[in-house]
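User: I would like to learn how to read a structure feature by feature. Could you walk me through one?

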Amino acid sequence: MKFSFKGGIHPLKEMHEGKGASRHQPIRDLVPETVSIPMDMHIGAPSAPCVQKGDRVLLGQVIATPVGGIGIPVHASVSGEVTGIEVRQLLNKQPSTCINITNDKLDEWAPLHPLGGVETAPADRIIQQVKDAGICGMGGACFPTHIKMSPPADKPVDTVILNGAECETFLTADHQLLLEQPGLVVDGLRAIMRGMGVTRGIIAIEDNKMDAVKAVREAAQGREGVSVAVLRTKYPQGGEKQLIEAITKRQVPSGGLPCDVGVAVFNVGTAAAVAEAVSLGKPLISRVTTVTGAVNKPSNLRLRIGTSFQAAIDEAGGTSEEPGKVFAGGSMTGIAAPNTGVSVTKANNGVVVLGQKDAVTPEPTPCIRCGRCVSACPAKLNPQRLKELCDMGNLAGAKKEHVMECIICASCSYVCPAKLELSPTFKEAKEKITARRI
Amino acid sequence: MPITPIALAAGVLGGLGVLFGLLLTFASKTFAVPVDERFVLVREAVAGANCGACGYPGCDSYAQAVVKGEAAIDLCTPGGKKTLDALAQIMGQEAKETAVQVARVLCQGETGVVKPRYEYTGPKTCHTAVGLAGGPSMCRWGCVGYGDCVRVCRFNAMKIENGIVVIDEDACTACGLCVKECPRSVIKLLPKAARVTVRCQNAATPREARDACTKACIACKRCEKACQFDAIHVVNNCAIIDPAKCTLCGECVKVCPTKCIEQLA
């Protein structure tokens, strides 16, 4: 049986969700000349740098310590000399402090502290190990993983889902990771399950990646409590709430979290990082990222955190036409980068280059009330009505119509024949409602 | 056609009309809720824009609060002196003279003055533009120029000109809606009499400010030295004028190398 949810769309169906170019491209390592590592990649207060200009740092050495309750440390992703600590404008709203390191290409590791095999490591120390490794959600939100692994005591979690749906257009990084290292992902799932004391683990994969399903099924043979769920290919199948509903038939309540229905969802990349942190003691210093679109050699690259987009694009053969927009992430939920000098962060699962003719923003025309957005909305909202309310400035009314449930998947904007800017409006409304406490 | 059915229908309907009319009259007299007659007067005296500047949801709520004595009478800024005098008379209070305020834009970053960071093609609202990598211009403190404030202004006092918002001082009632809306807080309510203003509020280092914008305050402190009245000070890399001390002599305007201090006519 293939799991799915109600609503959703099939973006770029005629071109295989844009994934054709980079699909099955083996993961290549990119060793950058320099890295510029931002301090506020994760949700929570930015970490505080604990190295100085001129210091020599080793690969995996802690270069910034966590600040506040949900902070995580940041590690050096290359060995070499710290050439500067500067404030740079990245994708975020506010500029971020970045630590620049020149790579001496020696890849000299700082001392590692593995906990032991994922099945034998002491379960009570796994969460601390995950925190020390600086792991955060690598699917895009970058929420610190150790917080997700410690749900409140009154909300026990009975199921862990690994999100390998990768419904986002253009991206193939998780697919390739599942194909090349299925064992590592399953190990990571087991480590998370043991750390959280959960007995049921599900790896969810869309049915456009049946080869990955096969590989993971083989790797999961004989592993306690691990199963594979095949999902129908549909966007946004990888949305947390949609995924939970599709697999467990439980609905996350309005304004609630997955732990309210006893589920915790992690990205497959996060699981692989957890496995490496537990069994090898390696912190999170690199991630698999798809570099595709208008590049000469679309690839899946293992990028060190802090590599510049430009270096990644150069490794993928350079741009094949004059770029119009460069997205961090896929084309549906990705954020347009201000320039190609920005750094790859822990949450950055894709670098998608669009040519100038593809990057045109169409001129919106009046709504014709066709209702396509209503049937496409995976959160079961009425985007047309919400847009009306937001345009009138009636944020209280929009909140009453549940704009806060919007996951900003842009399905409505995609199907809208009038090319209305629906999802950016909702994003703005959500931010304003949160900021003004309406 | 015989006249009887028409007369009958007209008679019945007319009779019903009279009957219900009498009923309603009776009901309105018997069940009338006593309304403070001052409420009607106050409601007529306030500006009636429902702008919310007073802090109440609308003019009705404010009028009620005034009548009950819960609200001060000088909160209706759009009504200005006229409303204040009227309310003072109705409520039997003394009208205290308050400084007339006006919204001012603390930025001169027109197109061409401030350097762009990237070409922005998204939805044309300041809020969204600011959320994308710190905004489309190099300055993180200046006006974005997509007119979120213009859309909330109830008094037609704002327009976008040359990539920056321009406020019509005569039309502005200092209701403060634009101040709340601006994601950069670049609009401030200042006394109308304060004719000398520093039209910049960047907190960047002088070098960064200079790189970003030709009319930025570069914290050179020449205005501070020129001022004989201790009215202007550089705080956090930007000059600030204390309207209480400023005598509008215009010495600071003359020495400012970037022309970020402006003297209005």
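**A covered helix, and outward from there**

Analyst: Happily. Let us begin with α7(A), which is mostly covered: 12 of its 12 residues are buried. Keep in mind throughout that this is a predicted model.

User: Which residues of α7(A) are the buried ones?

Analyst: They are Val268(A), Gly269(A), Thr270(A), Ala271(A), Ala272(A), Ala273(A), Val274(A), Ala275(A), Glu276(A), Ala277(A), Val278(A) and Ser279(A). Here a residue counts as buried if 20 or more other C-beta atoms lie within 10 Å of its own.

User: How far apart are the end C-alpha atoms of α7(A), and what span should its residues give?

Analyst: The idea is to set the end-to-end distance against a rise per residue. At 1.5 Å a residue, the 12 residues of α7(A), 268–279, should span 16 Å, and the end C-alpha atoms are 17 Å apart, which agrees. Just after this helix, Gly281(A) has a positive phi of about 80°.

User: What does Val130(A) touch, leaving out residues up to four places away in sequence?

Analyst: Val130(A) touches Ile135(A), Thr145(A), His146(A), Met149(A), Val274(A) and Ala277(A). Two of those names, Val274(A) and Ala277(A), you have just met among the buried residues of α7(A). Val130(A) itself sits in helix α1(A), residues 126–132.

User: Is Val130(A) buried or exposed?

Analyst: Buried: 29 other C-beta atoms lie within 10 Å of Val130(A). For a contrast in distance, take Lys419(A): from Val130(A) to Lys419(A) is 289 residues in sequence and 43 Å in space, C-alpha to C-alpha.

User: Now a sheet, please. What is the strand order of the open sheet of 6 strands in chain A?

Analyst: For a sheet, read the order of the strands, then look for the edges. The order is β1-β14-β13-β17-β15-β16 in chain A, and the pairing is mixed. The edge strands are β1(A), residues 27–30, and β16(A), residues 335–336, and each of these pairs on one side only.

User: How many bridges join β15(A) to β16(A)?

Analyst: There are 2 bridges between β15(A), residues 323–328, and β16(A), and the two strands run antiparallel. In register terms, Ala328(A) stands opposite Ile335(A) of β16(A).

User: And where are the domains of chain A?

Analyst: Chain A is divided into domain 1 (32–106), domain 2 (132–279) and domain 3 (372–436). For a pair of domains, it helps to read the separation of centres together with the contacts. The C-alpha centres of domain 2 and domain 3 of chain A are separated by 28 Å. In that pair, 7 residues of domain 2 of chain A are in contact with 7 residues of domain 3 of chain A. The domain 2 side of chain A that touches domain 3 divides into 2 nonpolar, 4 polar and 1 charged.

User: Which helix gives the most to the side of chain A that touches chain B?

Analyst: A chain interface is read in a similar way, by counting residues on each side. Here 16 residues of chain A are in contact with 14 residues of chain B. Helix α13(A) gives the most to the chain A side, with 4 residues. That side divides into 6 nonpolar, 6 polar and 4 charged residues. As a general point, the size of an interface is often given as the accessible area lost when the parts come together.

User: What covers the buried residues of α13(A)?

Analyst: The cover includes α9, α10, α11 and α12 of chain A together with α5 of chain B. The residues being covered are Leu422(A), Ser423(A), Thr425(A), Phe426(A), Glu428(A) and Ala429(A). α13(A) has 15 residues, 422–436, and reaches 21 Å from its first C-alpha to its last, close to the 21 Å expected. Arg437(A) follows α13(A) with a positive phi, near 50°.

User: Why is chain B called more spread out than a compact globule?

Analyst: Chain B has 10 helices and 8 strands. Its radius of gyration is 27 Å, well over the 18 Å that the globule rule gives for 265 residues, so chain B is more spread out than a compact globule. The C-alpha trace of chain B spans about 95 × 50 × 30 Å along its principal axes, and 35% of the residues of chain B count as buried.

Methods: Residues numbered from 1 in each chain as written. Chains lettered and ligands numbered in written order. Predicted model: local features only at pLDDT ≥ 70, side-chain atom pairs only at ≥ 80, totals over all residues. Rg over C-alpha atoms; globule rule 2.2 N^0.38 Å. Expected span 1.5 Å × (residues − 1). Contact = placed C-beta atoms within 7 Å. Nonpolar A, V, L, I, M, F, W, Y, C, P; charged D, E, K, R; others polar. Domains from an automatic or database assignment. Pairing = 2+ DSSP bridges.
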